Amino acid sequence: MNITALDRRLIWHPFTQEKTTDLPIAIEKSDGAYLYSEDNEKYLDLISSWWVNLFGHANKDIAKAIYTQAQDLEHVMFAGFTHKPAVTLAANLKKILPDNIAKFFYSDNGSTAVEVALKMAYQFWANKGINKKVFLSFDGGYHGDTFGAMSVGKKSGYHNAFSDLLFEVISIPYPETWFNDADYKKKEQLAINFLEKNLAKKGTDIAGLILEPIVQGASGMRIVRPQFLNRIAQIVKQHDLLIIHDEVMTGFGRTGTLFAGDQLNYDPDFICLSKGLTGGFLPLAITCTSQEIYDAFYSTDMNKTFTHGHSYTANPLACAAANASYQLLITNKTKLSLGMINKVHLAGIDLLMSNLANFIERPRVIGTISAIDLKVDNKKMQAIKRAFLIHKLNIRPIGNTVYLIPPYCISEPELFTSYEKILQIIQSCIYN
Ligand SMILES: *Cc1c(COP(=O)(O)O)cnc(C)c1O
């Protein structure tokens, strides 16, 4: 029996309606920006395997770091013990994160990084004898699939089946914007008015605000202006609330700067990192926070302890991968790649707009991310989605949003040629 048939019999896939889905493609090998299937087809990974990959698949430096680490120490419990890979990684990240970030709490995926931040924010107030149990978030924000993450992401549309079980969150309208958007000021003012009204009404019950800075990933690569978030932070800080940046998707160069927060003028109290942290090799996450947050837990009173942890907290192999990935991230070569990808995105979106203007809405580019929304019906959208794979491009539209977020190793011709193929694919699906 081949892999896909056996898969069909045994496996239940994430985010997948098993009844209507196509058979999965069995991937056997990978190299750089390419995935190679069992039947030797070659797919260009234009979405970095759900945004985790940074420098290409099977990167030799990262692979070697994991191999070397595995021969010394594969894992040790992280309470009562520590190890060099974890400490080195914290020291590395300290160099590139805002100055107020002083403490690093490990876990193993984006959802847990968010749970940790929410629980720390809640307990920060509780440890001071203050009861604040409401969170602020944005419409369309996605923060993971565990219960706290689902609660703050309840307006993402992904968690409707569980809405009865989620805690109280006030969700602010999200003024997404795009090239030549005439209405951004009006949308932003609406969101600010909504926030101010709710702060006046409920401000003292609110523990903090969580947001995906600058780009919301899972709701379709939706962008806001940094000026808007600066204003929101200013208002929120006047009410003494904590700010959590969920940079699980935006971290490590995706938005053109090392972190999306680098484009904002305030320092968040928490930064959640995962996805690209290990260059896409192993699951690992970190919730980064300030000395002030840490100090509220630092006590002889055992009840003030942060009692949270996971079996694989700070796994040394994952930390070794992350340290190797960090060394690649800070090179000038990576900086040049980020610039190149951005330039090609702008030219590529231009190409699509000049040929398909009537079928495209909300064209947008930030850093290494580009997106368009297609004005086609669901049937055509499904056809386009299939056609991408038939033409050996790994692109997985979210609803009607077609977006690219390629690994940094992609070449200029590979990326630009992809736009030409995307144009042809959309044209042939629209006109057929
Ligand atoms: C993917 C994602 C998460 C969840 O991460 P997982 O590792 O899938 O649990 C959280 N927040 C954002 C912004 C994400 O993109």
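Colleague: Leaving aside neighbours within four places in sequence, which residues is Leu374 in contact with?

Modeller: In this predicted model, Leu374 is in contact with Phe359, Ile360, Met381, Ile384, Asn400, Val402 and Ile426, once its neighbours within four places in sequence are left aside.

Colleague: Which residues touch the most other members of the largest nonpolar core?

Modeller: Leu374 is one of them, together with Leu89, Leu93, Leu97 and Tyr106. The core they belong to has 66 residues. Helix 10, which covers residues 316-329, gives the most to this core, namely nine residues.

Colleague: And what lies apart from it?

Modeller: Another core of 40 residues lies apart from that one, and its members include Phe138, Ile206, Ala218 and Phe228. As a general point, nonpolar side chains tend to be buried together in soluble globular proteins.

Colleague: Back to helix 10, then. How do the axes of helix 3 and helix 10 cross?

Modeller: The axis of helix 3 (residues 60-72) comes within 8 Å of the axis of helix 10, and the two cross at roughly 145°. The crossing is right-handed.

Colleague: Which residues meet there, in helix 3 and in helix 10?

Modeller: Helix 3 brings Asp61, Ile62, Ala65, Ile66, Gln69 and Ala70 to the contact. On the side of helix 10 they meet Pro316, Leu317, Ala320, Ala321, Ala324, Ser325 and Leu328. By class, the contact of helix 3 with helix 10 has ten nonpolar residues, two polar and one charged.

Colleague: What about helix 12 and helix 13: is their crossing left-handed or right-handed?

Modeller: Helix 12 and helix 13 also make a right-handed crossing. Their axes come within 9 Å and cross at roughly 140°, with helix 12 spanning residues 378-390 and helix 13 spanning residues 412-430.

Colleague: How many residues of the contact of helix 12 with helix 13 are nonpolar, polar or charged?

Modeller: Nine are nonpolar, none is polar and one is charged. From helix 12 the participants are Lys380, Ala383, Ile384, Ala387 and Phe388, and from helix 13 they are Ile422, Ile425, Ile426, Cys429 and Ile430. Two of these names have come up before, as Ile384 and Ile426 are both in contact with Leu374.

Colleague: Take Ile430 in helix 13: is it buried or exposed?

Modeller: Ile430 is buried, because its relative accessible area is 10% and the cut-off for buried is under 20%. Beyond four places in sequence, Ile430 is in contact with Leu356, Phe359, Val376 and Lys380. Phe359 is in contact with Leu374 as well. Thr401, by contrast, is 29 residues from Ile430 in sequence and 15 Å away in space, C-alpha to C-alpha.

Colleague: Changing topic to backbone geometry: what is the phi of Asn180, and of Met221?

Modeller: Asn180 has a positive phi of about 60°, and Met221 has a positive phi of about 50°. Neither Asn180 nor Met221 is a glycine.

Colleague: Where do Asn180 and Met221 lie?

Modeller: Asn180 is in the loop between strand 6 (169-172) and helix 7 (184-202). Met221 is in the loop between strand 8 (215-216) and strand 9 (222-223). Asn180 is exposed, with a relative accessible area of 81%, whereas Met221 counts as buried at 1%.

Colleague: There is also Gly144. What does it touch, not counting residues up to four places away in sequence?

Modeller: Gly144 touches Ser111, Ala149, Met150 and His159. Gly144 sits in the loop between strand 5 (134-138) and helix 6 (147-152) and is buried, with a relative accessible area of 5%. The C-alpha atoms of Gly144 and Gly110 are separated by 6.4 Å, although the two are 34 residues apart along the chain.

Colleague: And Asn127, where is its place?

Modeller: Asn127 is in helix 5, which runs over residues 110-127. Asn127 is buried, with a relative accessible area of 11%, and touches Ala296, Phe297, Asn303 and Lys304.

Colleague: Finally, the whole protein. How many helices and strands does the protein have?

Modeller: The protein has 13 helices and 16 strands. Its radius of gyration is 22 Å, close to the 22 Å given by the globule rule for 432 residues, so the protein is as compact as a globular protein of that length. The C-alpha atoms fill a box of roughly 65 × 60 × 45 Å along the principal axes, and 53% of the residues count as buried.

Colleague: Of contacts between residues at least 6 apart in sequence, what share join residues at least 24 apart?

Modeller: The share is 71%.

Notes. Residues numbered from 1 in each chain as written. Predicted model: local features only at pLDDT ≥ 70, side-chain atom pairs only at ≥ 80, totals over all residues. Heavy atoms only, no water. Core = buried A, V, L, I, M, F, W, Y, C linked by side-chain atoms within 4.5 Å. Buried < 20%, exposed > 50% of the residue type's maximum accessible area, 1.4 Å probe, protein only. Helix = DSSP H or I, 4+ residues; strand = E, 2+ residues; numbered from the N terminus. Contact = heavy atoms within 4.5 Å. Axes fitted to C-alpha atoms, helices over the stretch in contact; angles between N-to-C directions. Left-handed = near helix turned anticlockwise from the far one by under 90°. Nonpolar A, V, L, I, M, F, W, Y, C, P; charged D, E, K, R; others polar. Rg over C-alpha atoms; globule rule 2.2 N^0.38 Å.
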